[in-house]
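Me: I've got a structure open and I'd like to learn how to read it. Can you take me through a few features, one at a time?

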Amino acid sequence: MTTDTATEVFETHRPHLLGVAYRMLGRSADAEDVVQEAWLRWSGADRDNVREPRGYLVRVTTRLAVDRLRQIKARGETYIGPWLPEPYVTDLGATVPDAAERAVLADSVSLAVLVVLESLSPLERAVFVLREAFGYPYAEIAALLDRGEAAVRQLAGRARRRVDERRPRYDVDPGRRRDLTERFLAAASGGDLDGLLSLLAPDVRLVGDSGGRSKAPLRVLESAGKVGRFLAGVAKGGVVDAAYRFLEINGGPALLVLSGGRPDSVFQLDVADGLIQTVYIIRNPDKLRALPTA
């Protein structure tokens, strides 16, 4: 296999590798680093002996991501306030024509699920991602992770139980979520408290991620009254030279707020029974750098 052919093969599989790495890590920069390291391994490998390039590359990427997760957990880094995954721009509606497959992929990359995946061990997370998001057979996952199939099945069962226990209920229909997001923007940007309260579930939660780098609640806010008053107060403070853009982030509609042409915050809503169940706000500037502004 020539160098040009090797590059071509790798670039063909890069989106899939990034999808695996991001779901494993919840951090775009780390996922990019892992995929770049996979490229270095691939470019230096004896590729003539590689029968299935995709399987080889997924194996390398998964193992690198597991190692990266272990390093992160070993460092025991403290984070100021609630932590949310780095926003990941997706376009599943354009790239995945099958609605059922699109729903599975959207769920596997959602903020709600990625937060729950943080509670899993690195191996549990790897098995869950490969099995639930990408449908790999247990035997293939066992080969990828160099584990027995019985052990992989046990890891998968444990991971699924933990995710199901903690996964919040929400509607994955993008049309309904987009409609509520637009109504939310109209009420929130106008400081319309009554309008906000009509959209919020009584036990709604607001999770703000600033990493201590910008203004956001350092605790999760709970109840429609608290969340509504906070959002109405934010509107009164205003954002300098504000502009708003809808885009698909983590498999669902989201609102990007720009200030002076630069990303200021991302809002995404979990919706169920026609009401907003969770409001996610990401304001850590380190997590917003890669978002498109035009």
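Reply: Sure. Let's begin with how helices and strands get their labels: they are DSSP runs, helices of at least four residues and strands of at least two, numbered from the N terminus. Keep in mind that this is a predicted model. With those labels, you can say that Asp 146 sits in the loop between α8 (138-145) and α9.

Me: How many helices and strands does the chain have?

Reply: There are 13 helices and six strands. The radius of gyration is 20 Å, close to the 19 Å that the globule rule gives for 294 residues, so the chain is as compact as a globular protein of that length. Along the principal axes, the C-alpha trace spans about 65 × 40 × 40 Å.

Me: Back to that loop. What is phi of Asp 146 near?

Reply: Phi of Asp 146 is near 55°, a positive value in a residue other than glycine. Asn 250 also has a positive phi, about 50°, and is not a glycine either. You'll find Asn 250 in the loop between β3 (242-249) and β4 (252-259).

Me: Are Asp 146 and Asn 250 buried or exposed?

Reply: Here you need the cut-offs: buried means under 20% relative accessible area, and exposed means over 50%. Asp 146 has 59%, so it is exposed. Asn 250, at 2%, counts as buried. For the chain, 49% of the 294 residues count as buried.

Me: How do I read two helices that meet? At what angle do α7 and α9 cross?

Reply: The idea is to compare their axes, and an angle of 65 to 115 degrees counts as roughly perpendicular. The axes of α7 (residues 122-133) and α9 (residues 149-166) come within 8 Å and cross at roughly 85°. The two helices are therefore roughly perpendicular to each other. On the α7 side, the contact residues include Leu 123, Val 127 and Phe 128, while those of α9 include Val 152, Leu 155 and Val 163. Sorted by type, the residues of this contact are eight nonpolar, no polar and six charged.

Me: Where does Arg 125 lie, and is it buried or exposed?

Reply: Arg 125 lies in α7. Its relative accessible area is 1%, so Arg 125 is buried. To see what surrounds a residue, set aside its neighbours within four places in sequence and look for contacts. For Arg 125, these include Arg 23, Met 24, Leu 69, Leu 114 and Glu 118.

Me: Can I try that on another one? Which residues is Val 35 in contact with, apart from its neighbours in sequence?

Reply: Val 35 is in helix α2 (residues 28-43), and it is buried with a relative accessible area of 0%. Leaving out neighbours within four places, Val 35 touches Phe 10, Arg 14, Leu 17, Leu 18 and Ala 21.

Me: And how do I compare distance along the chain with distance in space?

Reply: Take pairs of residues and look at both values. Arg 289 and Pro 87 are 202 residues apart in sequence and 9.9 Å apart in space, C-alpha to C-alpha. Val 35 and Ala 242 are 207 residues apart in sequence and 35 Å apart in space. As for where Arg 289 is, look at the segment after α13 (285-288). At 65% relative accessibility, Arg 289 counts as exposed.

Me: What share of the contacts joins residues at least 24 apart?

Reply: Among contacts between residues at least 6 apart in sequence, 67% join residues at least 24 apart.

Technical notes:
Residues are numbered from 1 along each chain as its sequence is written. This is a predicted model: local features need pLDDT of at least 70, side-chain atom pairs count only at pLDDT 80 or more; totals for chains, interfaces and linings use all residues. Side-chain values use heavy atoms; hydrogens and water are left out. Axes are lines fitted to C-alpha atoms, for helices over the stretch in contact, and angles run from 0 to 180 degrees between N-to-C directions. Angles under 35 degrees count as roughly parallel, over 145 as roughly antiparallel, 65 to 115 as roughly perpendicular and the rest as oblique. Contact means heavy atoms within 4.5 Å. Ala, Val, Leu, Ile, Met, Phe, Trp, Tyr, Cys and Pro count as nonpolar, Asp, Glu, Lys and Arg as charged, and the others, Gly among them, as polar. The radius of gyration is taken over C-alpha atoms; the globule rule is 2.2 Å times the number of residues to the power 0.38. Buried means under 20% relative accessible area, exposed over 50%, partly exposed in between (1.4 Å probe, protein chains only).
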